[in-house]
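User: I should like to understand the reasoning behind the terms used for this model. Please take me through it step by step.

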Amino acid sequence: MTVWRIAIVGAGPAGLYCIDAMKKRGIPFQIDVFDRLPTPYGLLRGGVAPDHQKMKRLESFYEKLLADERVNFYGNVVVGTDISMQTLKNYYDSIVVACGAESDKPLVIPGHDLPGHYAATQLVGWYNGHPDYSELKWDFSAESVVIIGQGNVAIDVARLLAKTRSELAQSDMPEPMIDALATSAIRDIHLVGRRGPVQAAFTHMELQELGELADCQVVIKPDDLKLSAACQAELADNRKAQKNIAVLEALAAAPVRETKTRIHIHFFKNPRELVGTDAVTAFGWTQTQLVDGRAVLTDIQGEIPCSMVFRSVGYRGVPVPQLPFDASRGVIPNTAGRVDEASVPGVYVTGWIKRGPTGVLGSNKPDSEETIGTMVDDGIQEPAVIPDTQHLVSVLEAKGVRVVTESDWYAIKAAEEAAGQVLNKPREKKITRADLLDCLSS
Ligand SMILES: Cc1cc2nc3c(=O)[nH]c(=O)nc-3n(C[C@H](O)[C@H](O)[C@H](O)COP(=O)(O)OP(=O)(O)OC[C@H]3O[C@@H](n4cnc5c(N)ncnc54)[C@H](O)[C@@H]3O)c2cc1C
Ligand SMILES: NC(=O)c1ccc[n+]([C@@H]2O[C@H](COP(=O)([O-])OP(=O)(O)OC[C@H]3O[C@@H](n4cnc5c(N)ncnc54)[C@H](OP(=O)(O)O)[C@@H]3O)[C@@H](O)[C@H]2O)c1
């Protein structure tokens with residue numbers, strides 16, 4: 001039986017679940033996983049909140065998948081730049097693109113280009129030590145911060161801005177980021193949603209954590225939790241929203257404490273403008289009312305004074321050269337994982353670049369199973385013309401790419417864990433490409 005040579009582009013959860021799906025198929029295979037970073041695990045390393053160490057332990061499952069003798073990791077290789085899709089295809093029978101959603105949804109309102117307005121993506125990447133963001137400089141002298149959006153990313157950002165040094169010390173947030181956040185002037189964090197508590201995108205466990213912060217009080221207007229008849233009817237069929245409402249009610253009823261920080265949860269406020277001349281000085285909102293679940297603007301307007309605004313309104317996929325792209329959804333158009341109208345044959349997609357930026361880590365497992373199912377049903381359409389990974393690696397190296405192998409990654413991991421041990425934390429991450437590559441012998 002021939003060995004199916006597969007390249008996976010992106011060593012995040014979706015890419016790695018493809019290995020699992022192939023293992024279950026009992027078909028002989030060789031999988032090479034490429035990532036543009038020198039490190040694997042995608043958003044598990046660079047997105048999942050650093051204080052969610054229980055979640056980060058999923059790394060050990062992904063590590064076992066990479067350790068399979070039929071699997072190789074090649075990091076620091078940008079597919080589309082260091083090697084084209086067409087050239088990559090020469091070396092493989094099939095390619096699965098699992099490159100995630102690496103940008104963010106814009107929010108174009110008046111004042112959006114004022115200094116002080118950022119994407120949550122930037123802060124998340126920075127506090128996780130992602131090399132694309134780790135050198136960003138932040139001015140945390142703002143006392144009042146607005147976060148636009150009420151998904152779990154917005155909750156992560158609010159929580160991490162509110163944590164004390166001792167709370168952050170138990171995470172794997174890099175030390176310079178802990179220092180910057182723990183000494184911030186932030187006192188009031190406003191988490192602003194355009195719809196109501198029944199429609200909020202966050203989930204109850206994440207919400208509940210806000211009530212467990214050491215030096216932070218959650219503030220919710222009781223009136224915002226009075227539900228209209230339509231919202232009550234919607235709630236009756238929505239288990240997720242019922243759990244959220246129960247937590248919101250408990251948070252609203254919690255005794256008032258004297259705390260350093262407050263997280264104010266606002267509903268029914270649509271972003272209207274960012275106010276300011278040289279920098280943001282306020283967030284302008286228009287009150288909404290719900291019509292068939294949609295936020296419809298009213299005549300009531302207001303402002304929240306602030307000098308820092310994070311939009312947390314969703315991530316967004318970026319195109320891969322030589323592959324089609326649906327710019328409105330930020331995905332590679334596909335049918336059950338098979339790329340539609342691909343100029344390069346035998347190309348599949350999975351994860352956030354396939355279905356858009358929603359779903360938890362585990363949601364990528366059935367998604368990748370579907371893609372692998374489609375690929376196996378299609379069979380090998382055009383076999384690799386150069387079925388030789390070493391040849392490909394030498395071509396990349398000749399172009400000056402320092403390909404990071406699996407053993408290189410283990411050297412980085414060991415260095416990070418050793419540095420972390422000294423600080424009594426899981427790891428102290430290397431946060432620039434240079435620092436990551438410095439861990440390796442040349
Ligand atoms: C801030 C944040 C926090 C989250 N927290 C949680 C949580 O606590 N629990 C939970 O269950 N889910 C969480 N999620 C959701 C979860 O992270 C996603 O469902 C999951 O990571 C999506 O997997 P993916 O493989 O599609 O994308 P990604 O994880 O983004 O992986 C994509 C990979 O592709 C690589 N890549 C991109 N372009 C290229 C290229 N051109 N060439 C080579 N490689 C490339 C990237 O470097 C990356 O490693 C969170 C998401 C975010 C944004
Ligand atoms: N701990 C965890 O499990 C965890 C942590 C982080 C992320 N994740 C997952 O990762 C995925 C992405 O999370 P996310 O928070 O980025 O996205 P999300 O869950 O889709 O939330 C996006 C938020 O932005 C709002 N929004 C979108 N466009 C807007 C606009 N133009 N104006 C105002 N508000 C706008 C949405 O409001 P509307 O609802 O009104 O559109 C929603 O509140 C989710 O599936 C999430 O569950 C999980």
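**The ligand shell and a helix pair**

Analyst: In this predicted model, α1 (13-25), α2 (42-46) and α7 (152-162) each contribute at least two residues to the shell around ligand 1. The largest share, 3 residues, is that of α1.

User: Which residues come nearest to ligand 1?

Analyst: The shell has 36 residues, and Gly10, Gly12, Gly42, Gly100 and Gly351 come nearest. By class, the shell consists of 20 nonpolar, 12 polar and 4 charged residues.

User: How do you know where ligand 1 lies with respect to domain 1 and domain 2?

Analyst: Residues of the shell come from both domain 1 (4-102 + 317-404) and domain 2 (107-314), so ligand 1 lies between them.

User: What describes the packing of two helices?

Analyst: Two values are used, namely the angle between the axes and the distance between them. For α6 (residues 120-127) and α7, the angle is about 55 degrees and the axes are 11 Å apart.

User: Why are α6 and α7 called oblique to each other?

Analyst: Angles under 35 degrees count as roughly parallel, and those from 65 to 115 as roughly perpendicular. The angle of about 55 degrees falls in neither range, and α6 and α7 are therefore oblique. Their crossing is left-handed.

User: What makes up the contact of α6 with α7?

Analyst: From α6, Ala120, Leu123, Val124 and Tyr127 take part; they meet Val153, Ala154, Asp156, Val157 and Leu160 of α7. This contact comprises 8 nonpolar residues, no polar ones and 1 charged.

Definitions and conventions
Residues numbered from 1 in each chain as written. Chains lettered and ligands numbered in written order. Predicted model: local features only at pLDDT ≥ 70, side-chain atom pairs only at ≥ 80, totals over all residues. Near = placed C-beta within 6 Å. Helix = DSSP H or I, 4+ residues; strand = E, 2+ residues; numbered from the N terminus. Nonpolar A, V, L, I, M, F, W, Y, C, P; charged D, E, K, R; others polar. Domains from an automatic or database assignment. Axes fitted to C-alpha atoms, helices over the stretch in contact; angles between N-to-C directions. Parallel < 35°, antiparallel > 145°, perpendicular 65-115°, else oblique. Left-handed = near helix turned anticlockwise from the far one by under 90°. Contact = placed C-beta atoms within 7 Å.
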